[in-house]
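These are my notebook entries on what I looked up in the structure below. I took one residue to begin with, then the whole chain, then the charged pairs, and then two further residues.

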Amino acid sequence: MDADAPLLVIVDAANVVGSVPDGWWRDRRGAAERLRDRLAADGVPGHTGPVELVLVVEGAARGVPSVPGVRVEDAPGSGDDHLVDLVARAGGRRVLVVTADRELRRRVSELGAEVTGPRTVRPGRSAP
């Protein structure tokens, strides 16, 4: 484990956005942008050290630009597969994946990532 590297937090945008029925389906890209902006402003509650935030978008949300504090990555195909690839490429870094997707949670956990649910980064959040 690379103790000097910041915590890598990878957020499953589709899963987090879809966790609250607030009309996100009418504007998937706009919903991803709002999540990106919230992450840039709030970071990851409960993590006071340095954090590298990566927001993975797919489908209609592709093309959302990165902002200071949040790198946005377009999944070339499956968002889940891209998330798994990012975890696999993290090497010895500590990784936290934000998703409620059970299969994705299993896949990234097998690679050594920690997992937390969408409420961690949503308004009105509570512990996962």
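**Entry 1: Val 115**

I asked how far Val 115 is open to its surroundings, and in this predicted model its relative accessible area is 22%. Because a residue counts as buried only under 20% and as exposed only over 50%, I wrote Val 115 down as partly exposed. I then looked for its place in the chain and found Val 115 in strand E5, which covers residues 114-116.

Which residues does Val 115 touch, not counting residues up to four places away in sequence? I listed Leu 96, Val 97, Thr 99, Arg 105, Val 108 and Ser 109. For Leu 96, I also looked up the C-alpha distance to Val 115, which is 5.5 Å although the two residues are 19 residues apart along the chain.

**Entry 2: the whole chain**

Next I turned to the elements, and I found four helices and five strands in the protein. Reading from the N terminus on, I noted their order as β-α-α-β-β-α-β-α-β. The radius of gyration is 13 Å, and the globule rule gives 14 Å for 128 residues; the two values are close, so I recorded the protein as being as compact as a globular protein of that length. The C-alpha trace spans about 40 × 30 × 25 Å along its principal axes.

I also looked up how much of the chain is covered, and 41% of the 128 residues count as buried. The accessible surface comes to about 6,600 Å², and carbon and sulfur atoms hold 49% of that surface. When I took the contacts between residues at least 6 apart in sequence, I found that 56% of them join residues at least 24 apart.

**Entry 3: charged pairs**

Before looking at single pairs, I reminded myself that side chains of opposite charge can pair when their charged atoms come close. The protein has 18 positive and 19 negative charges, and the mean positions of the two groups are 5 Å apart. How many salt bridges does a search of the whole structure find? The search finds ten, and I followed several of them up.

In helix H3, which covers residues 79-89, I found Asp 85 and Arg 89 four residues apart, about one turn of the helix. Their side chains meet in a salt bridge, with 3.1 Å from N to O. Asp 85 is partly exposed at a relative accessible area of 35%, while Arg 89, at 53%, is exposed.

I found a similar note to make for helix H4, residues 102-110, where Glu 110 and Arg 106 are four residues apart, again about one turn of the helix. Glu 110 forms a salt bridge with Arg 106, and the closest N and O atoms are 2.7 Å apart. With a relative accessibility of 59%, Glu 110 counts as exposed, whereas Arg 106 counts as partly exposed at 39%.

Where in the chain do Arg 94 and Glu 114 lie? Their side chains meet in a salt bridge of 2.6 Å, N to O. This pair links distant parts of the chain, as Arg 94 is in the loop between H3 and strand E4 (95-98) and Glu 114 is in strand E5, 20 residues apart. Arg 94 has 35% relative accessibility and counts as partly exposed, and Glu 114 counts as partly exposed as well, at 34%.

I closed this entry with a network of salt bridges, in which Glu 52, Arg 71, Glu 73 and Arg 93 are linked.

**Entry 4: Pro 50 and Glu 33**

Is Pro 50 buried or exposed? At 62% relative accessibility, Pro 50 counts as exposed, since the cut-off for that word is over 50%. Pro 50 is in the loop between helix H2 (28-42) and strand E2 (51-57). Setting aside neighbours within four places in sequence, I found Pro 50 in contact with Pro 6 and Leu 7. The C-alpha atoms of Pro 50 and Gly 92 are separated by 16 Å, with their positions 42 residues apart along the chain counted as their spacing.

Glu 33 I found in helix H2, and at 24% relative accessibility this residue counts as partly exposed. Apart from neighbours within four places in sequence, Glu 33 is in contact with Val 64 and Pro 65. I also noted Ala 61, 28 residues apart from Glu 33 along the chain, with 8.4 Å between the two C-alpha atoms.

Conventions: Residues are numbered from 1 along each chain as its sequence is written. This is a predicted model: local features need pLDDT of at least 70, side-chain atom pairs count only at pLDDT 80 or more; totals for chains, interfaces and linings use all residues. Side-chain values use heavy atoms; hydrogens and water are left out. Helices (H or I, at least four residues) and strands (E, at least two) are DSSP runs, numbered from the N terminus. Buried means under 20% relative accessible area, exposed over 50%, partly exposed in between (1.4 Å probe, protein chains only). Contact means heavy atoms within 4.5 Å. The radius of gyration is taken over C-alpha atoms; the globule rule is 2.2 Å times the number of residues to the power 0.38. Accessible areas come from the Shrake-Rupley method with a 1.4 Å probe; for residues, only the protein chains shown count as cover. Lys and Arg count as positive and Asp and Glu as negative; His and the chain ends are not counted. The place of a charge is taken as NZ of Lys, CZ of Arg, CG of Asp or CD of Glu. A salt bridge is a side-chain nitrogen of Lys or Arg within 4 Å of a carboxyl oxygen of Asp or Glu.
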